[in-house]
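This report covers helix packing, nonpolar cores and selected residues of one protein chain. Please inspect the sequence and the structure before reading on.

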Amino acid sequence: MSYLFANIWILLGFSAFILTLKQVRLHLVHLSLFLIIVLYWASTLVAVDLEKAIFEAIKITALLPFSIMMSSLTKDQFMKLFRWFPYLGSFTAVVGIVFQMERQNRLESTLGYANALAIFLLITLLMTAFFYLKEARKGDFVLMTIQATGILLTFSRSVWVLWLISIAALFLFQEFRKRDMWLQIGTAHLLGFVVAALLKKDILFFLSRLQTIQPETSEFRMRLIYWKDSLSMIADHWWLGTGGGGWSVLQTQYQSEDYFVRFVHNHYLQLALDIGIFGPLLFIGIAVFLLYCSVVLIKSIQTATDHSTLIWIKGVLLTSAVLLLHAGFDFDFSFLFLFAVFLMFVAFIMVQSPDKATIVIQPNKFVKTILVTCIAAMIFFTSWVEIGKYYQTRGEDSVAAGDLQSAVQDYSTAQKWMPWAASVYYDKAKLYVLLGNKTGNRNEYLKGKAQVEQAIHRVPDEMLYQQLDEELSQFVVKE
């Protein structure tokens with residue numbers, strides 16, 4: 001629901017943007033992103049789970065308006081925007097620490113996933129280092145310390161490795177080849193370690209996790225299995241994929257070992273699974289275009305007046321490379337906030353090279369009317385799904401509170417708003433099982449079986465639905 005709500009606000013903002021703009025800059029990245037969105041919506045036609053496919057398509061759609069709005073910013077506006085990131089990263093880390101927002105002893109904060117928090121904090125730490133290089137503020141030194149503490153407390157091994165590599169990569173930039181600069185960065189990291197050790201009350205808190213950074217670890221071995229199994233699925237669904245969320249439904253048919261993961265832990269493979277082979281090709285095209293433009297800009301900027309711009313082009317190149325590398329080991333870009341950060345970096349580079357594969361459009365009133373009408377239709381549909389998810393969530397809350405009769409009404413309402421949503425029928429089937437257990441009424445179980453059959457009709461390959469149907473069938477026969 002949070003994603004749906006955020007999308008509505010982005011689309012509303014884009015509507016205001018369209019109505020007030022005089023011209024808009026479009027480039028190849030916008031075209032590639034548009035095609036990815038088209039593929040997500042096209043994949044709903046062949047999706048193994050229409051509900052999940054629609055949800056993923058809605059999520060990804062808002063990225064294009066966001067990217068277009070970012071491309072309208074000036075260089076100075078980008079720098080003001082970047083200036084917030086050191087504070088945002090530190091605030092996120094502090095909130096997680098203060099309110100103990102952890103899972104399995106790993107800091108997650110408001111992002112709800114330790115690895116996603118770790119990569120975000122690494123991005124903000126690198127940005128803070130570039131600001132510290134330029135401005136030498138004591139506040140940035142403190143922010144680096146907080147961010148280093150947060151990264152350590154996530155216990156994210158892959159990000160720790162990228163952390164070491166990215167800090168070493170800073171030495172490749174001439175601007176960072178200063179003894180005092182490295183002394184300050186090193187001190188901030190050392191203080192971050194001390195704070196983390198004090199919070200964990202163990203100076204060797206990192207050691208057990210550090211010792212497992214090797215190819216033989218069970219997690220890395222399992223990810224290799226996910227990737228290998230996903231290739232077979234991609235081979236069978238290479239044209240339009242399985243639709244968003246299809247991997248979680250079909251993985252039991254392709255897995256070589258027993259496991260369940262919602263995502264394949266590789267964004268490039270995830271795109272191929274969701275929308276077919278053209279998805280990762282388009283995304284890789286965006287990445288290559290970003291890296292190419294960055295390198296060209298670095299080579300072309302020689303004057304002292306452009307020194308500050310040169311530093312930030314290098315900074316964006318490094319942070320983007322970190323994001324793209326980690327996307328090969330995890331599902332960072334499934335968190336649209338991180339995807340949006342990447343698109344913001346792309347927009348920044350494109351602003352520095354306004355003539356690179358860019359066109360400027362001055363839409364007239366008719367074009368604006370058409371665009372706003374399309375956006376309004378998307379807002380309407382997203383709001384429709386949001387209302388359906390609201391009633392489904394309210395039904396779950398009612399079940400948790402023990403108010404089963406209210407939950408029946410909530411799920412019935414959700415089904416009216418989202419008749420394609422198999423999960424609502426499954427949730428309602430489980431609810432009838434609870435009612436049957438409570439009252440001993442056989443008819444409740446029959447109602448539950450009718451509901452789960454509706455869920456199976458919509459998603460025939462979902463094992464959870466099949467298992468519940470089989471259990472109910474055996475129970476009804478015994479009765």
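The sections below go through the cores, one enclosed helix, three helix pairs and four single residues.

## Basis

The model is predicted. Every value below is therefore a property of predicted coordinates.

## Nonpolar cores

The largest nonpolar core holds 128 residues, and F82 and F342 are the members that touch the most others. The biggest contribution to this core is that of helix α6 (residues 114-135), which supplies 16 residues. Another core, of 31 residues, lies apart from it; V48, I225, A429 and V476 are among its members.

Which residues does F82 contact, leaving aside its neighbours within four places in sequence? They are M127, F131, W312, V316, M344, F345 and F348. M127 and F131 of this set are four places apart, and both fall within the span of α6, residues 114-135.

## Helix α4 and its surroundings

Is helix α4 (residues 63-70) largely enclosed or largely open? Eight of its eight residues are buried, so the rest of the structure largely encloses it. The buried residues are L63, L64, P65, F66, S67, I68, M69 and M70. Their cover includes α1 (2-20), β1 (24-27), α2, α3, α5 (75-98) and α16 (336-352).

One residue of α2 can be followed into this region. L33 sits in helix α2 and is buried, because its relative accessible area is 0% and the cut-off for buried is under 20%. Leaving aside neighbours within four places in sequence, L33 is in contact with L63, L64, S67, I286 and L343. L63, L64 and S67 also appear among the buried residues of α4. As a long-range reference, the C-alpha atoms of L33 and R442 are 52 Å apart, with their positions 409 residues apart in sequence.

## Helices α6 and α8

Helix α6 packs against helix α8 (residues 157-170) at an angle of about 15 degrees, and the two axes are 10 Å apart. The two helices are therefore roughly parallel, since angles under 35 degrees count as such. Their crossing is right-handed.

On the α6 side the contact is made by N115, A118, I119, L122, L125, L126 and F130, and on the α8 side by V159, L162, W163, S166, I167 and L170. By class, these residues are 11 nonpolar, two polar and no charged. The spacing of such a contact list has a simple background: an α-helix has 3.6 residues a turn, so residues three or four places apart point the same way.

## Helices α3 and α17

Helix α3 (residues 50-61) and helix α17 (residues 365-401) have axes that come within 11 Å and cross at roughly 130 degrees. The pair is therefore oblique, and α3 passes α17 in a left-handed crossing.

From α3, the residues E51, I54, I58 and T61 take part; they meet M378, F381, T382, V385, K389 and Q392 of α17. This contact divides into five nonpolar, three polar and two charged residues.

## Helices α11 and α12

Helix α11 (residues 218-236) and helix α12 (residues 246-254) have axes 10 Å apart and pack at an angle of about 100 degrees. This angle makes α11 roughly perpendicular to α12.

The α11 side of the contact consists of Y226, D229, S230, S232, M233 and D236, and the α12 side of W247, L250, Q251 and Y254. Its residues are five nonpolar, three polar and two charged.

## Selected residues

Two residues that are not glycine have positive phi values. Q104 has phi near 55 degrees and belongs to the loop between β2 (102-103) and β3 (106-107). S109, with a positive phi of about 55 degrees, lies in the loop between β3 and α6. Which of these positions is buried and which is exposed? Q104 is exposed, with a relative accessible area of 74%, whereas S109 is buried, with a value of 5%.

A42 is placed in helix α2 (residues 28-43). With a relative accessible area of 22%, A42 is partly exposed. A42 and I301 are 259 residues apart in sequence, and their C-alpha atoms are 42 Å apart in space.

Methods. Residues numbered from 1 in each chain as written. Predicted model: local features only at pLDDT ≥ 70, side-chain atom pairs only at ≥ 80, totals over all residues. Heavy atoms only, no water. Axes fitted to C-alpha atoms, helices over the stretch in contact; angles between N-to-C directions. Parallel < 35°, antiparallel > 145°, perpendicular 65-115°, else oblique. Left-handed = near helix turned anticlockwise from the far one by under 90°. Contact = heavy atoms within 4.5 Å. Nonpolar A, V, L, I, M, F, W, Y, C, P; charged D, E, K, R; others polar. Core = buried A, V, L, I, M, F, W, Y, C linked by side-chain atoms within 4.5 Å. Buried < 20%, exposed > 50% of the residue type's maximum accessible area, 1.4 Å probe, protein only.
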